[in-house]
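Student: I have a structure open in front of me and would like to go through it with you, one question at a time. Could you show it here before we begin?

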Amino acid sequence: MEVCTQAAAHASRRRSRAALGVAALCAATATMLFSAGAAPAAITTGPVDPASGFPFSYTDDVQRFSVEQCQDDSGFCLETPRPDPAQPISVPDNYTADGEGFWWLAEATVPHAGRGQARFVKESAFANEDIIAGDQVSFSRIRFRFQDLVTGDRYRVTHPYGVDEFVAEANPDGGGLINSTSDVGCITPPCGAFPALAGDPITSFLQWDPSVGADPPAGYIGNPAIPHKVIGSPFLTNFVRLEHIVPQAPPALPLVQLVGETDDFVVQGKLAGPSPPPAPHIGLSATRLDFPARQVGSPSGSRTVQVTNHGTADMHVQLVAPDGVDKADFAVGADACSGQTVAPGASCNVDVSFAPTKAGDLSATLSVPSDSAGSPHGVALSGRGDAPAAAGGAGSAAGGTTTTTVITQLIPVAGRPAASAVAATRARALRVSGLSLARRISVNRARDRGLRVAMNLPSGTQVVRLAVFRARNGRAQGSALARAVRLPSKSGRYAVTLRSRALLRSLRPGRYLVQVTPGRSLDDRGATSTAAFTITR
């Protein structure tokens, strides 16, 4: 299914995601009229890498080369290098702090069209902002961002993967614009083996034209810092052309005028090395099961979790069972997984039910231990136990007795801090660790993706405050360009993407600081940590 919705283009990956299939976004700035059919699919998904949970590579079957994710420190990758470039990509510990990466990217700038961005990518990301195993997604993206157009007029874009027509919509800053992002792929995990989709428009990977100019760096198909002629379009349209379809008085046909055209692209693509050795890779049909409230002692119906081996070697599953403080309130029923060997591509099922033994909000984890990397994997379980109705409550009046319920509320004395506040004051101030973000970010990239800040939250963190400042000599200058407050659900690795319009419009080439302060509550402030970054042209 293809979906077109009015929304901000930069929010395309953050919106509610369609299930394994197609997600297309037509921002309020443009309306897609049609898209030319793509050539037969020629991109093959490689094996899932057990360490990263993403396909290790994608192969262009026509041009006969494969690309892997580009997160090294060679200077030929757009992403911030992974924490340890000497070690393979892994999730969550050795993946770029950007939170999204690329197997391949080609981008052109069309003249006389404002920003003039035409971007084509095969991208890796996570369903939420956190870098969490099990949340991996992969998709192809085609994006156009053109300004200085005539509002209400039609425009035609001819590009390496087809022809699209749009109606330019009003730009708040003046003139008309086209702002379209189309994503096709696995947008909602679990993605399994990331199968190819028939509707994927990216059916080949553009690479530098070897007959023109210098060769690409060894081991790469281009250099994202140097515009270059390319080859690889399935339609032989190795360019981007923007045309204005100017209406004429009947019976004359519309006049087609060239706005701008380019055949120079910056290209990122790292040639894939040997695939990782055969290994199992677990996939779970759900990451959490939320059961409706049940009366204590009244078991629920069962829910089924499917366990699949998306790897390239047999997977040996050990005892599947609830774990955690409230594990006794959840039970495994039919179990075809424990102690079993699951072949590549095969699955087994486990049934789970909720049987509260006490009242309150209850939670546990269905632990699925195996020889897949990152074991044990788990499914979060939750439910609420309700206390049974008081015996004889309805007949107490008949017996001539009454029941009085007294509710006592502790009200702190004015001027005297509550006990909890005293405890918080005496506790050691919280401080985040592992604070990171891309150290150098182009203006376009920042406005495109926002500022992604990752950190480790200490135990007890309930609130995170962030602020962005201009910097001089390593110190914050003036008032904050933006402030944000987040309420994380747990401690550990955490990421925030700052993308308020006010912030993104304030970013200019220069030096900046981001300050992060955790707290145990809205009234508590821990120690402030600072990270510096530079916005480039």
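Student: Which strands each supply at least two residues of the lining of the largest cavity?
Tutor: This is a predicted model, in which local features need pLDDT of at least 70 and side-chain atom pairs count only at pLDDT 80 or more, while totals for chains, interfaces and linings use all residues. Residues are numbered from 1 along each chain as its sequence is written, and side-chain values use heavy atoms, with hydrogens and water left out. Strands are DSSP runs of E with at least two residues, helices are runs of H or I with at least four, and both are numbered from the N terminus; a cavity is a set of points on a 1 Å grid over the protein atoms alone where a 1.4 Å probe fits but cannot get out, and its lining residues have an atom within 4 Å of a point. The strands you ask for are strand 3 (43-45), strand 8 (136-149) and strand 11 (176-186).

Student: What is the volume of the largest cavity?
Tutor: The structure holds three cavities of 30 Å³ or more. Among the 22 residues that line the largest one, the closest to its centre are Lys122, Pro195, Ala196, Leu197 and Asp200. A volume is the space filled by probe spheres set on the grid points, which are joined across faces, edges and corners, and for the largest cavity it comes to about 210 Å³.

Student: How many of the residues of strand 7 are buried?
Tutor: A residue is called buried under 20% relative accessible area, exposed over 50% and partly exposed in between, with a 1.4 Å probe and protein chains only. On one side of strand 7 the buried residues are Gln117, Arg119, Val121, Glu123 and Ala125, and on the other side they are Ala118, Phe120, Lys122, Ser124 and Phe126. With both faces covered in this way, the count for strand 7 (residues 117-126) is 10 of 10.

Student: How many bridges are there between strand 7 and strand 8?
Tutor: Two strands pair if DSSP finds at least two bridges between them. Strand 7 is joined to strand 6 (residues 101-109) by eight bridges in an antiparallel arrangement, and there Ala108 has Ala118 as its bridge partner. Strand 7 also pairs with strand 8, where Phe120 stands opposite Ile142, and this antiparallel pairing runs over 10 bridges.

Student: Is His112 buried or exposed?
Tutor: His112 is found in the loop between strand 6 and strand 7, and its phi is near 65°, a positive value in a residue other than glycine. Its relative accessible area is 64%, which means that His112 is exposed.

Student: What is the relative accessible area of Asp148?
Tutor: Asp148 belongs to strand 8 and has a positive phi of about 60°, although it is not a glycine. Asp148 is exposed, and its relative accessible area is 60%.

Student: Which strands stand at the edges of the open sheet with the order 17-20-25-23?
Tutor: This sheet has four strands with antiparallel pairing. An edge strand has a single partner strand, so one side of it is left without a neighbour in the sheet. Strand 23 pairs with strand 25 (residues 347-354) over four bridges, with Phe354 as the bridge partner of Phe330. The two edges are strand 17 (282-284) and strand 23 (330-335).

Student: In the open sheet of five strands, which are the edge strands?
Tutor: The order of that sheet is 29-35-34-31-32, and its pairing is mixed. Strand 31 (residues 463-472) pairs with strand 32 in the antiparallel sense over eight bridges, and Leu466 has Ala484 as its bridge partner in strand 32. The strands that pair on one side only are strand 29 (440-442) and strand 32 (475-486).

Student: Where is Pro376?
Tutor: A cis peptide bond, with omega about 0°, joins Ser375 and Pro376. Another cis bond runs from Pro189 to Pro190, and Pro190 lies in the loop between strand 11 and strand 12 (207-208). As for Pro376, its place is in the loop between strand 26 (360-368) and strand 27 (377-386).

Student: How many helices and strands does the chain have?
Tutor: The chain has 537 residues, and buried ones make up 48% of them. Its secondary structure comes to three helices and 35 strands.

Conventions. On a 1 Å grid over the protein atoms alone, a cavity is a set of points where a 1.4 Å probe fits but cannot get out, and a pocket is an open set with protein on both sides within 12 Å along at least five of seven lines; lining residues have an atom within 4 Å of a point.
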